[in-house]
Amino acid sequence: TNAYLLESSWAWTEGNTAFLRAEKVDKNELFDEASPLVNNNFNVKKLSLGMVHDFPSERNYTLGLGAVGSIYDFSSSLDNYYDSDPKSLMVFLRLKI
């Protein structure tokens, strides 16, 4: 299978970082053995945009709070299983040591 990844980040002020990630992957493990689509290859594309804020700290670690949103694109043959216009949002806490 093939996979491509482009990732970048930009720290525009101290403690604030924006990031972008674009992926294109051939997936063949989307279905279990009972499915007629098991082991078929599907091209899945994902575009993610997020940011993280690191809180100032005098300690040997930094705590950050962030969020990332993603949109996906794939073959219409997967619409019945994964929706026709999927999106995701994740909020996270990061500890840098």
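Asp83 sits in the loop between helix H1 (79-82) and strand E5, where helices (H or I, at least four residues) and strands (E, at least two) are DSSP runs numbered from the N terminus. This is a predicted model, in which local features need pLDDT of at least 70 and side-chain atom pairs count only at pLDDT 80 or more, while totals for chains, interfaces and linings use all residues. Residues are numbered from 1 along each chain as its sequence is written, and side-chain values use heavy atoms, leaving out hydrogens and water.

Let us stay with Asp83 for a moment. Its phi is positive, about 75°, although Asp83 is not a glycine. Asp83 has a relative accessible area of 47%, so it counts as partly exposed, a class lying between buried (under 20%) and exposed (over 50%), with a 1.4 Å probe and protein chains only. Asn39 also has a positive phi, about 70°, and is not a glycine. You will find Asn39 in the loop between strand E2 (16-27) and strand E3 (42-55). With a relative accessible area of 54%, Asn39 is exposed.

Now let us go inside. The largest nonpolar core has five residues: Phe31, Phe42, Val44, Phe74 and Leu78. Here a nonpolar core means a set of buried Ala, Val, Leu, Ile, Met, Phe, Trp, Tyr and Cys residues joined through side-chain atoms within 4.5 Å. Take Val44 as a way in: leaving aside residues up to four places away in sequence, Val44 touches Glu23, Lys24, Val25, Lys27, Asp73 and Phe74, a contact being heavy atoms within 4.5 Å.

Nonpolar residues turn up on the surface too. Phe55, Tyr61, Leu63, Leu65, Leu89, Val91, Leu93, Leu95 and Ile97 form a nonpolar patch there, with about 980 Å² of accessible area together. Strand E4 (62-74) and strand E5 (87-96) are the elements that give two or more residues to this patch, and E5 gives the most, with four. Patches consist of residues with over 30% relative accessible area and no salt bridge, with like charges joined within 9 Å and nonpolar side chains (Val, Leu, Ile, Met, Phe, Trp, Tyr) within 5 Å. The areas come from the Shrake-Rupley method with a 1.4 Å probe, and for residues only the protein chains shown count as cover. One patch member, Ile97, lies in the segment after E5 and counts as exposed because its relative accessibility is 86%.

Lys96 lies in strand E5 and is partly exposed, at 41% relative accessible area. Not counting residues up to four places away in sequence, Lys96 touches Asp54, Asn60, Tyr61 and Thr62. Its C-alpha atom is separated by 37 Å from that of Ser84, twelve residues apart along the chain.

Finally, look at the charged side chains. Side chains of opposite charge can pair when their charged atoms come close. A salt bridge here is a side-chain nitrogen of Lys or Arg within 4 Å of a carboxyl oxygen of Asp or Glu, and the count comes to seven. One of them joins Lys87 and Asp85 (2.6 Å, N to O); Lys87 is exposed at 55%, whereas Asp85 is partly exposed at 47%. Elsewhere, Glu7, Arg21 and Glu23 are joined into one network by salt bridges that share partners. Within that network, Glu23 and Arg21 meet at 3.1 Å, N to O. Glu29 and Lys27 also form a salt bridge, at 3.6 Å, N to O.
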